[in-house]
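Got the viewer open and a selection box ready? Let's walk through this one stop at a time.

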Amino acid sequence: MADFTAVKELTDAQLDDLVHPPQLVQGTEKFHDITESVCVVAEAHRAPKAWYVAFGIAVTFLGILGAMIFHLVTTGVGVWGNNQPVAWGWPIVNFVFWVGIGHAGTLISAVLFLFRQGWRTGINRFAEAMTIFAVICAGMFPAIHVGRIWVIYWVFPIPNQMDMWPNFRSPLLWDVFAVSTYFTVSLLFWYMGLVPDLATQRDRAKTKLRKMLYGAFALGWNGSNRQWHRYERAYLILAALATPLVLSVHSVVSFDFAISQLPGWHTTIFPPYFVAGAIFSGFAMVMTLAVPARQLFGLKHLITMRHLELINKVIMATGMLVGYAYAMEAFMAWYSGNKYEGFTFVNRAFGPYAWAYWIMVSCNVISPQIFWFKKARRSIPIMFIVSIFVNIGMWFERFVIVVTSLNRDFLPSSWNYFTPTIVDLLTLMGSFGLFFTLFLLFCRWLPQVAMAEVKNVMPAAHAHGPDHEEDQ
Amino acid sequence: MSSLERSESTRTYWRSLQHLENSPEYQEMVAKEFPAGPETNWTDSSRRRFLQIMGASLALSTASSCRWQKETLAPFADRPENWVPGKPRHYATSMEVAGVGQALVVTSYDGRPTKIEGNKNHPASLGATSSFAQAGTLGVYDPDRSRGVLSLAGGKETPSDWKNFTAFAKVEFAALKASQGEGLAIIAPLTSSPSLRAAQESFMAAFPKAQWVNWDATARSQELAGTEILFGKAARPVYDLAKADVVLILDEDLLGTHPDALRNSRGYAARRKPEVGKMSRVWSVESNHSLTGGISDHRLPLRSSQIGAFLVALESEMIQQGRFKVPEGKAIAKGAPKGGFLAEAKAANFITALASDLLSAKKNSLIAVGNNQPAEVIARAHRLNILLGSVGTTVTYKDVSTLSTVDINQVQALAASMKKGAVKTVVTLGGNPVYDMPGDLGFAEAFGKVKTRIHLGQYFDETGVASTWHLPQAHFLESWSDNLTWDGTWTLAQPTLNPLWGGRSAADVIGILLNQEDSHESRVRKVWAAAFGDGETAWRKAVQLGIGGASVFADLTARPKNLALPDATPATMAVWKAGAALEVSFAIDASVHDGRFANSGWLQELPDPMTKLTWDNGALMAPSTADALGVTTGSMMTFTVDGRNQDIAVYVMPGHAKGAVTLPMGYGRTEAGHVAGLSADRVTPAGFDVYPLRGSHALGFTLATAKATGEDYLLVSTQDHHLVDEIGMKGRGDRLGDLVRTGDLSKWEEHPDFAQHQVHHPPLISLWEEHKYEGHRWAMSIDLSTCTGCSSCTIACQAENNIPVVGKSEVFKGREMAWIRMDRYFIGDDPDEAEATHQPVSCQQCENAPCEQVCPVAATTHSSEGLNDMVYNRCIGTRYCANNCPYKVRRFNFFNNNLVVEEEGAEVLALGKNPEVTVRSRGVMEKCTYCVQRIQASRYEATLEKREIQDGDITPACAQVCPTNAIHFGDLNDDTSVVKADHANDRAYAMLGELNNKPRTAFLARIRNPHPSLVKHDSHPKDAIKHG
Amino acid sequence: MTTPKTHGIIAEFDSVDAIIAAANQVREAGYTKWDCHTPFPVHGLDDAMAIKQTKLPWLVLVMGISGCLGGMFLQWWTNAYDYVYIISGKPAWSLPANIPVMFEMTILFSALTAFFSMWIINNLPKWYNPLFHAASFTKVTDDRFVLAIESRDPLYGEATRGLLQSAGALAMEEVNPPEDDGLMPSKLKGWLGVVFSLMLLPPVMIASSMYSNSSEPRVHLVPDMDSQMSFGEQEASSFFADGRSMRAPIAGTYAQEDDHLLGEKPGYYTGKEDGAYLTALPVEVTQELMARGQERFGIYCGVCHGMGGKGDGAVSRRAQKLEMATWVQPADLHTDLVKVQPPGQIFETMTNGIRTMPGYARQIPVQDRWAIVLYLQALQRASAGE
């Protein structure tokens, strides 16, 4: 029975010092502490009660998701609220929402890695995991939202006797390539980071089964410096590749809208606006997950208050970016003098969906402003609540973009109000079930913190005294 | 800027009342996040109304196995002469509605009727058809049709057959013969069929004491009575709008539900194209806001009871303006009604302008009056025609004294004697009297008192259920017949299908009752031969053309001696005030007529041209009236006429006369079938039955009281599925001038191409060299100036293209499937004075189609002839194309809407599907194809005949059915084509052309011809529409 | 694989500085077959061990470029070459629309290359590594730094120990893997064999079904609109008693296509007028009609009666060649027997057939039948003339 309380008594400040000491501290045994506190989670015979409760709930919703998809496939897309003119309803809203969330992980690992942001090491591992699970949820929606799910494979350029190829002018097809590429690369990136830690777990494994499984996935890693050399090089390359990729993916997703000529969609600001939104929502989700996780698994000395505060700063910054985008959109609509464009934005803010618009604004633009105060930035409950708000707000942002633009476009004769059905709702909740099921499994069985990397940024990891760029 | 132009700009467009409303409770409704409604997704799929969504079971695949289905060919062992399998053949035939024939041509595929068109060679059709005729193919294959003889003796249904019935009839009628038909009554639907008339005579000869009563809820008896006052004999006015400069239409839907609407529309259209001769000016005075009212240049909403007074006022005004005399002399001018509604400026100006217009037009004027009016008013109206000398030019009166008519006194007498039990045997030869008799007769109860009740009908309907014998009636596509069209043309009907369920025609049944065995064909031919002389070749020609001979009605040319009329009974002049009794008038419904077409899914889902309601009727009333009564669209009200109650949902109808309520007939059927209502299967009736409120003494209109019940009912229309708030209303106002481009005649004369300069946009330049279309360039043009909004195109398209019916709750969700929808907008600042305008919108076949580039699998691409093809089999259903379509004309199969065909007993529906158009399955997108199957057919034909396709070879279903020829189709690369000329027309504009999507469908701006003295003046320059 | 008795020796260190120092010494001592094992990449160790820069980046670059070009080619081939559609009036090939996919392909190829080639160059995954036998080696992935010198190294010997000792090793251990070690356990081998053979099944099944015949229709997984809920020409239908969806025309009805049944002249479609055969054609005789007649005669009559009408058509000749007992020689149309027949009679024969000759009403429209009559008469006169 592992001891989760090992390091709990320490204050956040003290924990902070462990990783980012003011000046040189002696202590190679710290390496072992890291290993210990991370591995102990997976080695424990029983997870904390909270884990079982959470897992139970998650699996239930996963089941609901399965049921909904079955109902959908056997009956038809009509089980959702989609109609004319709102041909894209919640499924696409959810897709964009999840893809957005799926951005923080790679961003944290890749971009911050390139910028040598040492503090990333505490959170990058499960941020990456989160990315992968979010992208799985995201990828699911476009797949199930089509009318004939059983021929979805036609979107891939598979040679066939009729020479029927996909249409590469379609943003949806770009999406297919972007999202699948993104998923693949994120997976590789994540797994590559995992290997040395898996080796650690292999070497600590007591039972034969564990030895076997961890051993198999550790690929026989033995920490040879020659391996490390190429490993680091490859990791750097992947990071360098993932960075533009991460920016491209949400840009491409935004093309789904920007390329069309629908008022409210047809706008050039979308790519940067979507990317900012993605980072925003991604970090919010990281926060939503990190707070309970560090509590639950006693990783406070690895995911420290300093990490959280930095995340909050990012949230606030991107939140303001998003707010700027909202403003610019509206401004351009007015400035363009296009009556259809103009109407769309008036309609968003004051039309039948005003309620959604204002939820979006208050959650995304107003709520993060509280982080101007250091107290708020460092208060666990506040940051948790704000992160939840932001998640909600970002979902509504996508709802506003998709539904309010569609429900009133050019011809008033086809204007119609979109009303979701219970199936819509349960499917969305189900996708959360899927996400948390995967995430909880990850927390339980895999190293949630990149041990090798954390060790790497510890002062003791450096031959010639403390490296000053590390604790900026 | 001239006052006329400014008058243009005063238009605030809006589509239904809510848009002018700002009441707080209404705002709150709008603010509701998810308004209530039949939003229950899967629960209502379990409902047994079979054309609604089917359950999950079969949804995935229609084939039982996962292998290709084995298909077997079943050819004829001995192929009939001149018969090529799969090559459609066309049979001329006709149908009869309310005693008026409609000339048709049936497309028969492998011997099965699959489509109905108008008979080009027939003066009453000219190639166009009514919606009812269009729905005929669905009617003949309706799974709900009665499938055999039923004996209901002792209240329990026992399947029987014709043999049994014949045996029964032998005995029963032998007895009756003995008593010369004492206690025998026949209730026959009104018919003009000479052969049936002959049968009736021979029957009456055999049973002299029998009562033969004709009944039809929509019979135009008042008109006959009115003309009788004038001419001394029943006459029928046949109008020729093509010759009329000024048309005055009194309380009549001349282009909508009038029996001769097709030809009237054609005539109207002939005078509404500014570039073609002098435009006519249409004035209408009516209670309901009818289709005809919607297209007229000036419209005065008046209660039906005030039309009489209006007429007198008009006459006296004409006298005052001089050059006009009436037999009563100047006296009438003095005794003319004053005050009341006449005191209102609008009415006064209207009458002054109208009078001068009529006087200047003289014999080129035309006054038409509705059958709802009292005989005296009708007489007065037609007298005006005579006095203006327009008889012979714009209107001809036909002597119809020989036609069978509906005599309401007979009907009352029959009901009475039935009640007394004096009637022992009653035979209903089709029709549904138990349902559609006036409420005050208590007919159902009286009917029950008769011992033997024999019912012939296509459906086991209300009357069938109440009978002791039910006999299946043959559909008009299944039987020989003959009838007379409105103008009296002798029209023949040949069967195109043997009776599916062993049905027989009324004449056959009379034959059985008389115990004679000659076939209906021989009867028809005998009567025809008697009239026109026999001869094999002549007969074959007549049958083939469907025309037996010219009009059999004599023209009444002689001017009646005495034209003096008794003083018009002083009608209520008062303008309606809240609290006063309401005036309810009964109207023929555009979708189900008097209820006889109620069980047609196509017709039920066809939006009413004006209300856009589907699956329901409603109590139509003016906005101000509704406000006064404190109700709005959807509120239930209890209407009471002489103690007879009925609950009906209110529909607020802009432009309706104040204090009047219009009740469309034909809904609330309880025994119609799985579409319109069937008590046995707990299928709730569609709409509300208004017959209980109808009185046999006041078939047209009567006084009623109404009280809100406080309940709400969901009325579903294809526009404004939900309330539109103020912002929506504003946005709509800003743009509609650009979508539906409209101008007064004077404006058009000043600059004919105003429509092309309506919208300012940068030059439409392309980044790349665009595709050149060699060969054909198919295109369409729609003339908004002649389009009346009758919506026949919608249903013709549905019939041609196997478009599924989705049911009320799906329509509510906005999932209706119509490929061509009729957009209807109300115009005007005052909801009570609203004018309507229509715009048919189908796929515009854009050359730079926005839908194409976004499809990931290239399921929609352009053909080399510029058609925006939709490849159903390639479609995976991302619905992206629908999002990117600025016209929102793409329709998605959210469910498998055709599963009904696999339902027990519904397989018969598959027989009627057009085999040349794919039946779309679930999950694919669909839309207008310009009837590509017809293009291909003509192409093959041309190829076989080694020639080029000529202009006019190809007619899409919508163009073919259009009564006003507003839709043209052809090849833009053919310089001689009509469509090319239309596209070159000054009025031609591309809707949303500023998107540079290059639509192939051009709209021709609507030109109105208001009287100069009545042109409104600018009130809100802010909404001014920019001019080029 | 044959391993030497001793794989080598490992020395354990507890700090970054120590291992780097040791590495330097070992390198200077000239050892070649040795390596350092650390829980994380230690900066500076590369220099200490004099490790050359890996070629990996170049590999990635090459593959990235090929991914980019591949993406470009894929789009050009599919949309602009192999199957060109007209889409939104846009050109079949325009770079802007194709950049996103090219970009994604670039990234994908590069990433896959970087990932997999890294493992390959590191020659991982590796089933076996003798060092794992060293008890202390497991700490390498935790907090210990290990320097391992292989016995394969020429300098390997007693001095090695001393060298490491002086380098400050905390502990040293000789790695002596057992003899038979490094071989894959036979159990595992067995399982792998099973898995592999199972993997072979699907392709085998596909191949077999490809090259075998079956009376069953093809498998058809997406039937959506292939089986239509409507009736095409001559399709069978269980709805009608006769099993046909096709309905015979009703007696006495006339379609607009039936013009030929509405002849003006009496006897036009029977060939008879009040019982007597027509003696003159009921149709206007024109050059076109004659030509038509010749053509139709060639198509319908010639095969049996012969192009010249001498009863020596191809069919007949073949029948005689095969000496078919039941074959009745078609009539020679130039015999008086035929010549005397009035047009009406010939027409009727054509319509209803005679003796073994079937009626041709179905194939030949009335107008054409008269055309043939006309041609036949001409033929007869011609032959009479010669």
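Start by selecting chains B and C together. In this predicted model, 79 residues of chain B are in contact with 56 residues of chain C. Show the surfaces if you like: about 6400 Å² is buried between chain B and chain C, and carbon and sulfur atoms give 57% of that. Next, pick out B:Trp68, B:Arg540 and B:Gln544. Those three supply 13% of the area that chain B buries against chain C, more than any other three residues.

Stay at this interface and look for charges. How many salt bridges are there between chain B and chain C? The count is one. To see a salt bridge here, select B:Arg89 and C:Asp258 as sticks; their closest N and O atoms are 3.0 Å apart. Polar contacts add to the picture, with 23 residue pairs between chain B and chain C, both partners at pLDDT 80 or more.

Now switch to cartoon and color the pieces of chain B that face chain C. Strands β2 (89–97), β3 (100–109) and β36 (860–862) of chain B, along with helices α20 (536–545), α27 (850–853) and α29 (909–912), each supply at least two residues of the side that touches chain C. Which of them gives the largest share? That would be α20(B), with six residues. Color the side of chain B that touches chain C by residue class and you should get 36 nonpolar, 25 polar and 18 charged residues.

Next stop: the surface of chain C. Select C:Trp58, C:Leu61, C:Ile65, C:Leu69, C:Met72, C:Leu95 and C:Ile99. Together they form a nonpolar patch on the surface with about 690 Å² of accessible area. Put the cartoon back on to see where the patch comes from: helices α3 (56–82) and α4 (95–121) of chain C each supply at least two of its residues. The biggest contributor is α3(C), with five residues. C:Leu61, for instance, sits in helix α3 of chain C.

Now hide chain C and bring in chain A. Here 71 residues of chain B are in contact with 70 residues of chain A. The area buried between chain B and chain A is about 5900 Å², with 58% of it from carbon and sulfur atoms.

What about salt bridges across the interface of chain B and chain A: how many are there? Two turn up. Zoom in on A:Asp409 and B:Lys888, which form a salt bridge with their closest N and O atoms 3.0 Å apart. Across the interface of chain B and chain A there are also 36 residue pairs in polar contact, both at pLDDT 80 or more.

For the cartoon view of this side, color α23 (726–739), α26 (808–813), β34 (821–827), α27, α28 (880–884) and β38 (891–892) of chain B. Each of them supplies at least two residues of the side of chain B that touches chain A. Helix α23(B) gives the most, with nine residues. By class, the side of chain B that touches chain A has 35 nonpolar, 15 polar and 21 charged residues.

Time to look inside chain B. Over all chains the count comes to 68 salt bridges, and one to visit is the pair B:Glu252 and B:Arg220, whose side chains meet at 2.7 Å, N to O. This pair links distant parts of the chain, 32 residues apart: B:Glu252 is in the loop between β10 (246–250) and α8 (261–270), and B:Arg220 in the loop between β8 (211–215) and α7 (221–231).

Finish with some backbone details. Select A:Gln84 and A:Pro85: the peptide bond from one to the other is cis, with omega near 5°. You'll find A:Pro85 in the loop between α3 (49–75) and α4 (90–101) of chain A. Then go to C:Leu124 and C:Pro125, also joined by a cis peptide bond, with omega about -10°. C:Pro125 lies in the loop between α4 and β3 (145–150) of chain C.

For the last click, select A:Asp163. This residue has a positive phi of about 55° although it is not a glycine. Look for A:Asp163 in the loop between α6 (124–145) and α7 (171–204) of chain A.

Definitions and conventions: Residues numbered from 1 in each chain as written. Chains lettered and ligands numbered in written order. Heavy atoms only, no water. Contact = heavy atoms within 4.5 Å. Buried area = accessible area lost by both parts, 1.4 Å probe. Salt bridge = Lys/Arg side-chain N within 4 Å of Asp/Glu carboxyl O. Polar contact = N/O pair within 3.5 Å; in protein donor to acceptor, adjacent residues only side chain to side chain. Helix = DSSP H or I, 4+ residues; strand = E, 2+ residues; numbered from the N terminus. Nonpolar A, V, L, I, M, F, W, Y, C, P; charged D, E, K, R; others polar. Patch = residues over 30% accessible without salt bridge, like charges linked within 9 Å, V, L, I, M, F, W, Y side chains within 5 Å. Areas by Shrake-Rupley, 256 points an atom, 1.4 Å probe, with all protein chains shown as cover.
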